[in-house]
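Welcome! Take a moment to look over the sequence and the model, and then we will walk through some charged pairs and pockets together.

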Amino acid sequence: MRVGVFYFPTDYGIDIAELARALEQRGFASLYVPEHTHIPTSRRSPFPGGGELPKKYSHTHDPFVGLSFAAAATKKLLVGTGICLIPERDPIVTAKCVASLDQLSGGRFIFGIGGGWNAEEMENHGARYETRFKMMRERVLAMKALWTQEEASFHGEFVNFDPAWSWPKPVQRPHPPILLGGESDYTLRRIVEYCDGWIPRPVGDFTAKGAVDRLRRMAETKRRDPKSLTISVFRAPADKAKLAEYRQAGIDEALLEIPDLRRDEILQLLDQYAPLAAA
């Protein structure tokens, strides 16, 4: 089981290249970063975590730019989006971002995706909360076509383009792994249909064994090989015994949270977490 981290790369936080080097030096396997293109000042959409929206949400770097610096500063560290908000991104442009980062990193990119929760944010991009998952599905399928076909085309309700050339192609074939975030059965159905893995959070009655069993049952119901799907737990507990349970249950990756702290505090925290990466 890999042990990695996720972190909001902000304009006031630790430099992401320094963070990436520090992670690799301490034996961590991966670095995931989230995405918010902007945060509307309207608070019509409540923060899912409750209370006031943390400052870091409105100060994040673009994930592909940030991860490019992280990849350039390291040799083995996997870099991923956790998560990329697909309803807010043009699929042709995003397909090129993904393929470029995967090629330039030597095949180290993981494409974590999601539909998003902030209705005002996605509306500014021309997307609607009610149809965001239908849009996400089409955009992912369109990107797959661009990555895998010499002359790709797509015609749907939300994405339409005639035959086109798009290079570079990703190093990873047929494309970087696509992991979908969420906890519902709807999420699992989407994963089995057009993704390669799951990013659940350990909320509610979550157990590692239960998560593995849920995904396996859904895959078997839809006649997909469960071994073709992975699980990366987002905000995994920084606890050796718990991580041992994850490993025994068959979880593929545990992502520890690096909180919104000062540079020196983050480096000290990584020192504390380092034994977990090597366990």
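A residue is called buried when its relative accessible area is under 20%, exposed when over 50%, and partly exposed in between (1.4 Å probe, protein chains only). This is a predicted model, where local features need pLDDT of at least 70, side-chain atom pairs count only at pLDDT 80 or more, and totals for chains, interfaces and linings use all residues. Residues are numbered from 1 along each chain as its sequence is written, and side-chain values use heavy atoms, with hydrogens and water left out.

**Charged pairs**

Side chains of opposite charge can pair when their charged atoms come close. In a salt bridge, a side-chain nitrogen of Lys or Arg lies within 4 Å of a carboxyl oxygen of Asp or Glu. The structure holds 20 of them, including these three:

| Pair | Closest N to O |
|---|---|
| Glu-123 and Arg-44 | 2.9 Å |
| Arg-89 and Asp-62 | 2.9 Å |
| Arg-235 and Glu-257 | 3.1 Å |

Where do Arg-89 and Asp-62 lie? Arg-89 is in the loop between β3 and α3 (91-104) and Asp-62 in the loop between β2 and α2, so their bridge ties together parts that are 27 residues apart in sequence. Helices (H or I, at least four residues) and strands (E, at least two) are DSSP runs, numbered from the N terminus. Arg-89 is buried, at 12% relative accessible area, while Asp-62 is partly exposed at 33%.

In another pair, Arg-235 has a relative accessibility of 38% and counts as partly exposed. Glu-257, its partner, is also partly exposed, at 25%. As for the first pair in the table, Arg-44 is exposed at 52%, and Glu-123 is partly exposed at 39%. Elsewhere, a network of salt bridges links Lys-209, Asp-213, Arg-216 and Glu-220.

**Pockets**

On a 1 Å grid over the protein atoms alone, a pocket is an open set of points where a 1.4 Å probe fits, with protein on both sides within 12 Å along at least five of seven lines; lining residues have an atom within 4 Å of a point. The largest pocket holds about 800 Å³ of space. Among its 35 lining residues, Pro-48, Ile-83, Gly-116, Trp-117 and Arg-201 are the closest to the centre. Strand β3 (78-85) is one of the elements that supply at least two lining residues, and its three are the largest share.

The second largest pocket has about 170 Å³ of space. Its lining includes Val-212, Arg-216 and Asp-252, and α7 provides the largest share, three residues.

Key. Points joined across faces, edges and corners; volume = space filled by probe spheres on them.
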